[in-house]
Amino acid sequence: MATGPASKSKRNVGSSASLHRNNVPTRLDIPTTALTPSSSAPSSLSPLVVPAQASNGQMLTNELKTAICASASGRITPQPFESDSSGFSRDDVLPLDDDSTKINSAHLQELEKLGEGSGGTVTKVYNTATKVLMAKKKINVDPNIHKQLLREIRFISKCHSPNIVTYYGAHMEDDNSSISILMEFCEGGSLDVIYKHVNQRQGTIGEPILGKIGESVLKGLVYLYEQHIIHRDIKPSNILVTRLGEIKICDFGVSGYLESSSVNTFLGTSYYMAPERIKGQKYKVSADVWSLGLTIMEVAQNKFPYPTVAPIELVAHIVNLPAPVLGDDYEWSSELRDFLNVCLEKDGEIRPTPKQMLDHPFIQKSSSREVPLRKWIKEVWEWDD
Ligand code: ATP
Ligand code: MG
């Protein structure tokens, strides 16, 4: 039985896929043929490592220069989050010594590697005690924040929503310098892996799917915010699809802790950061809306929306250039175009919150229609059942 993206069967699903109108492919399905190149956010530049000097220094404003290149590690400096909530403390919810979600590592049988990010490796594991497949993300963290981090993960483990990945718990590794976070295993993989695979089959991801991605991520963000959790790292690799076609966000809640730790490796790619974050200004939950807009545009067009340039120039582009717009190569709906324009409003003060974005006509249209996501992900990976 096929169990995930890497173990798909060879069954061909083709013909329903190539829906064309006036030679303009509609964005619904997945034709199957040879490889085509795709471009995404520069992976070799992950995480953003800012060189001492830009290859084109003229593009950098003074403001931007001070915002980046500042930290000794050469990464973008963490910025303050301007919260709408007040007086909330994890201590009110969960005592530091609560270990109800501690996972015994002896029960975890390692299966295959699922991927690797800037902060560590994600492995598929089988929990022999609970008989559940899980994804284990092992990250190196500053020992000074171990306790807080484990507590945050315990808090997150109590959060449940159809649009967020379930966290089962965490444990310290024997080396005492890393923590393994156990979360729901999503067999469909992350959006970056999915769209690259679809692109290799000369397919595209259609607007109804894009609508469901937008709707799911916004609902997940709203839920998280209600739990006083902000995401800060929305991007294709942090949006996962289950075998049932559910779309869920992952990697929330921990980045805030790790941003402030001296290790600081979890910060990850910065290419999806809103301009106000890049500039080191205060930011709000609407910063995640920018990242969602960029993510949906990338998935729609099979390529990262900004030109492929050196990292520091890319960051300068994001701050200095007008926001990207969808190309004219497909018959995109006016609702999608407007949705992306609103998400990619460069001024964070004007950009709406995730909750406000749920009222956008593109999302309203998505909410009102059934999209066979289970069938879609099955076709993407050519699963047998
Ligand atoms: P960065 O570390 O820069 O944020 P990233 O998100 O790609 O990048 P990880 O979070 O370590 O890095 O994830 C690596 C890959 O593992 C992801 O791209 C995804 O394909 C896969 N992955 C992560 N979590 C899961 C999960 N719960 N189920 C299935 N696959 C997962
Ligand atoms: Mg991730």
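Reader: What makes the approach of Lys137 to ligand 1 a polar contact, and how far is its polar side-chain atom from an oxygen atom of the ligand?

Author: In this predicted model, a polar side-chain atom of Lys137 lies 2.6 Å from an oxygen atom of ligand 1. A polar contact is a pair of N or O atoms within 3.5 Å, and therefore the Lys137 pair qualifies.

Reader: Which other residues have a polar atom at a stated distance from an oxygen atom of ligand 1, and what kind of atom is it in Gly117 and in Ser190?

Author: For Gly117 the partner is a polar backbone atom, 3.3 Å from an oxygen atom of ligand 1, whereas for Ser190 an N or O atom in the side chain is 2.7 Å from an oxygen atom of the ligand. Both distances are within the 3.5 Å limit, and therefore both pairs count as polar contacts.

Reader: How much of ligand 1 does the protein bury?

Author: Ligand 1 exposes 610 Å² when taken alone, and the protein buries 93% of that area. Two or more residues of the surrounding shell are given by each of the strands β3 (108–116), β4 (120–127), β5 (132–140) and β7 (178–184), with the largest share, three residues, coming from β3.

Reader: Which residues come nearest to ligand 1, and how is the shell divided by residue class?

Author: Of the 25 residues around ligand 1, the nearest are Ser118, Lys137, Ser190, Lys235 and Ser237. By class, the shell holds eight nonpolar, eleven polar and six charged residues.

Reader: Why is Lys137 called buried, and what does UniProt list it for?

Author: Lys137, which is found in strand β5, has a relative accessibility of 11%. Buried means under 20%, and therefore Lys137 counts as buried. UniProt, in an unreviewed entry, lists Lys137 for "binding site", an annotation of a kind that may be inferred rather than shown by experiment.

Reader: What makes Asn238 and Asp251 donors of the magnesium ion, and how far from it do they lie?

Author: The protein donors of the magnesium ion (ligand 2) are OD1 of Asn238 and OD of Asp251, lying 2.1 Å from the ion. The limit for a donor here is 2.8 Å, and therefore both atoms qualify, although sites may look incomplete as water is not among the atoms. The pair links distant parts of the chain, 13 residues apart: Asn238 is in the loop between α4 (207–226) and β9 (239–241), and Asp251 in the loop between β10 (247–249) and α5 (255–259).

Reader: Why do Asn238 and Asp251 count as buried?

Author: Asn238 has 3% relative accessibility and Asp251 has 8%; both values are under 20%, and therefore both residues are buried. The side chain of Asn238 also reaches the backbone oxygen of Asp233 at 2.7 Å.

Reader: What is noteworthy about phi in Lys131 and in Arg232?

Author: Most residues other than glycine have a negative phi. Lys131, in the loop between β4 and β5, has a positive phi near 60 degrees, and Arg232, in the loop between α4 and β9, has a positive phi near 75 degrees.

Reader: Which of these two labels, buried or exposed, applies to Lys131, and which to Arg232?

Author: Lys131 has a relative accessible area of 60%, which is over 50%, and therefore it is exposed. Arg232 has a relative accessible area of 19%, which is under 20%, and therefore it is buried. The backbone oxygen of Arg232 is reached at 2.8 Å by the side chain of Arg277.

Reader: Where is Arg277 placed, and why is it called buried?

Author: Arg277 is in helix α6 (residues 275–278), and its relative accessible area of 2% is under 20%, so the residue is buried. Its C-alpha atom is separated by 7.6 Å from that of Ala287, ten residues apart along the chain.

Reader: Why is helix α2 described as largely enclosed by the rest of the structure?

Author: Nine of the eleven residues of α2 (residues 146–156) are buried, so the helix is largely enclosed by the rest of the structure. Among the buried residues are His146, Leu149, Arg151, Glu152 and Phe155.

Reader: How do you know that Trp383 is buried, and how far apart in space are Trp383 and Arg243?

Author: Trp383, in the segment after α12 (373–381), has a relative accessible area of 1%, under the 20% limit, and therefore it is buried. Trp383 and Arg243 are 140 residues apart in sequence and 9.5 Å apart in space, C-alpha to C-alpha.

Definitions and conventions. Residues are numbered from 1 along each chain as its sequence is written. Chains are lettered from A and ligands numbered from 1 in the order in which they are written. This is a predicted model: local features need pLDDT of at least 70, side-chain atom pairs count only at pLDDT 80 or more; totals for chains, interfaces and linings use all residues. Side-chain values use heavy atoms; hydrogens and water are left out. Helices (H or I, at least four residues) and strands (E, at least two) are DSSP runs, numbered from the N terminus. Buried means under 20% relative accessible area, exposed over 50%, partly exposed in between (1.4 Å probe, protein chains only). A residue is near a molecule or strand if one of its heavy atoms lies within 4 Å of it. A polar contact is a pair of N or O atoms within 3.5 Å; within protein, one must be able to donate a hydrogen and the other to accept it, and residues adjacent in sequence count only if both atoms are side-chain atoms. Accessible areas come from the Shrake-Rupley method with a 1.4 Å probe; for residues, only the protein chains shown count as cover. Ala, Val, Leu, Ile, Met, Phe, Trp, Tyr, Cys and Pro count as nonpolar, Asp, Glu, Lys and Arg as charged, and the others, Gly among them, as polar. Donors are N, O and S atoms within 2.8 Å of the metal (3.2 Å for Na, K and Ca); water is not among the atoms, so sites may look incomplete.
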